[in-house]
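Biologist: Please take me closely through one part of this model, the strand pairing around a single strand, and then go on to the other backbone and charge features.

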Amino acid sequence: MRLGVLDVGSNTVHLLVVDAHPGARPLPAHSYKVELRLAQLLDEDGAIGPDGVDRLVAVIREALQAAEDKGVEDLLPFATSAVREASNADDVLERVRDDTGVELTVLTGAEEARLTFLAARRWFGWSAGRLLVLDIGGGSLEIAYGIDEEPDAAVSLPLGAGRLTAARLPDDPPHADDVRALRRHVRTEIARTVGEFSRLGAPDHVVATSKTFRQLARIAGAARSAEGLYVQRELKRASLEAWVPRLAAMTGAERAELPGVSEGRANQLLAGALVAEAAMDLFHVESLDICPWALREGVILRRLDHMGQG
């Protein structure tokens, strides 16, 4: 059947259409996405303003039309941290439901981490052993660890690249004091969770998902996306540590000139790099692999599993 996943994320609204059936690898058929940056549209009270809600409704309508055009039989709509943490989340969900008919499922941070872990486990397989999965989104950082398809530990921290940039790096290029303060904040937050994972033992394989990690790997020398999903891409901590001060000295426009860095994400790449560097350092990760599958694929796989059991 043809499935559609509508992901209302902190950076983008993304419709992914796949051809899938239980027991088979989902085959991408169509992708439609708009950079809405909801995490940066929150007002001082933490609410998504009227203009942001209007734009969200319009984009969802466009995504629904694209899903219809592509023959989607079953649509799986969900929202992550930007909607989850908005002070007017209930009003936003009601408006979306009334105006579009879409009932957004709001995932908890732990659910995000677990579904992303499932996608990484299926991609790398059982031979990967104990997996540690890191995922930097626009609004949050997810960390999950385990040996099965359900992680033994999964946490979500408010350390998304978009959120941190909007709240803590107001200048372009960023002020050195702000960068140092953000570095301290990120490391303090991540350090609080390390014990929960370290008691489970060292991972056999560390992987990362998300646009932020893919862009960091690309500027550090990983293969271009045009070379395909199956090319191994890794990010070494030493390379990342060398890049962080360079990114801190650049403007957003200068970062957008780097290989693989989109103009829309360039301003938040430094915050993402600080989170990635902190996570790799505090979890003693020298190198990690980039996983092409992430949350959207995890949602699809979970749906296919339920179909297979029906």
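Modeller: The account begins at one strand and moves outward to the rest of the chain.

The model is predicted, so to speak of local features I need a pLDDT of at least 70 and count side-chain atom pairs only at pLDDT 80 or more, whereas totals for chains, interfaces and linings use all residues. Residues are numbered from 1 along each chain as its sequence is written, and side-chain values use heavy atoms, with hydrogens and water left out.

The strand I would start from is β11 (287–290), where helices (H or I, at least four residues) and strands (E, at least two) are DSSP runs numbered from the N terminus. Strand β9, residues 205–209, pairs with β11 in the parallel sense over 2 bridges, two strands being paired if DSSP finds at least two bridges between them. In that pairing Ala208 stands opposite Ile290 of β11. Strand β10, residues 234–236, also pairs with β11, but in the antiparallel sense and over 3 bridges, and here Glu234 stands opposite Asp289. In general, the strands of a sheet pair through backbone hydrogen bonds, in either the parallel or the antiparallel sense.

Glu234 takes part in a second contact as well, since Lys236 forms a salt bridge with Glu234, the closest N and O atoms lying 3.3 Å apart; a salt bridge is a side-chain nitrogen of Lys or Arg within 4 Å of a carboxyl oxygen of Asp or Glu. Lys236, at 41% relative accessibility, counts as partly exposed, and Glu234 is partly exposed too, with a relative accessible area of 34% (buried is under 20%, exposed over 50%, partly exposed in between, with a 1.4 Å probe and protein chains only).

The loop between α11 (269–282) and β11 holds His284, which has a positive phi of about 55 degrees although it is not a glycine. At 67% relative accessibility, His284 counts as exposed. A backbone value of this kind is found again at Arg37, another residue that is not a glycine and has a positive phi of about 55 degrees. Arg37 sits in the loop between β3 and α1 (50–69), and with a relative accessible area of 28% it is partly exposed. Most residues other than glycine have a negative phi, and most peptide bonds are trans. The peptide bond from Asp172 to Pro173 is cis, with omega near 5 degrees, and Pro173 has its place in the loop between α5 (161–168) and α6 (176–198).

Asp172 belongs also to a negative surface patch, which is formed by Asp171, Asp172, Glu254, Glu257 and Glu263. Patches are made of residues with over 30% relative accessible area and no salt bridge, like charges being joined within 9 Å and nonpolar side chains (Val, Leu, Ile, Met, Phe, Trp, Tyr) within 5 Å. Of the patch residues, Glu263 is found in helix α10, residues 263–266, and is exposed, with a relative accessible area of 71%.

Another sheet involves β3, the strand before the loop of Arg37. Here 5 strands form an open sheet in the order β3-β2-β1-β4-β5, with mixed pairing. β3 (27–35) and β5 (105–106) stand at the edges, each with a single partner strand, so one side of each is left without a neighbour in the sheet. Within this sheet 7 bridges join β1 (residues 2–8) to β2 (residues 12–19), the two running antiparallel, and Val8 has Val13 as its bridge partner in β2.

Returning to charge, the count comes to 24 salt bridges. In one of them the side chains of Asp99 and Arg95 meet at 2.6 Å, N to O; the two are 4 residues apart in helix α3 (residues 89–100) and are therefore separated by about one helical turn. Asp99 is partly exposed, with a relative accessible area of 30%, as is Arg95 with 28%. Glu150 forms a salt bridge with Arg302, with the closest N and O atoms 4.0 Å apart. That pair links distant parts of the chain, Glu150 being in the loop between β7 (141–146) and β8 (153–157) and Arg302 in helix α12 (residues 295–309), 152 residues apart. Glu150 counts as partly exposed at 40% relative accessibility, and Arg302 likewise at 27%. Finally, Arg84, Glu85, Glu112 and Arg163 are linked in a network of salt bridges.

Conventions
Accessible areas come from the Shrake-Rupley method with a 1.4 Å probe; for residues, only the protein chains shown count as cover. Lys and Arg count as positive and Asp and Glu as negative; His and the chain ends are not counted. The place of a charge is taken as NZ of Lys, CZ of Arg, CG of Asp or CD of Glu.
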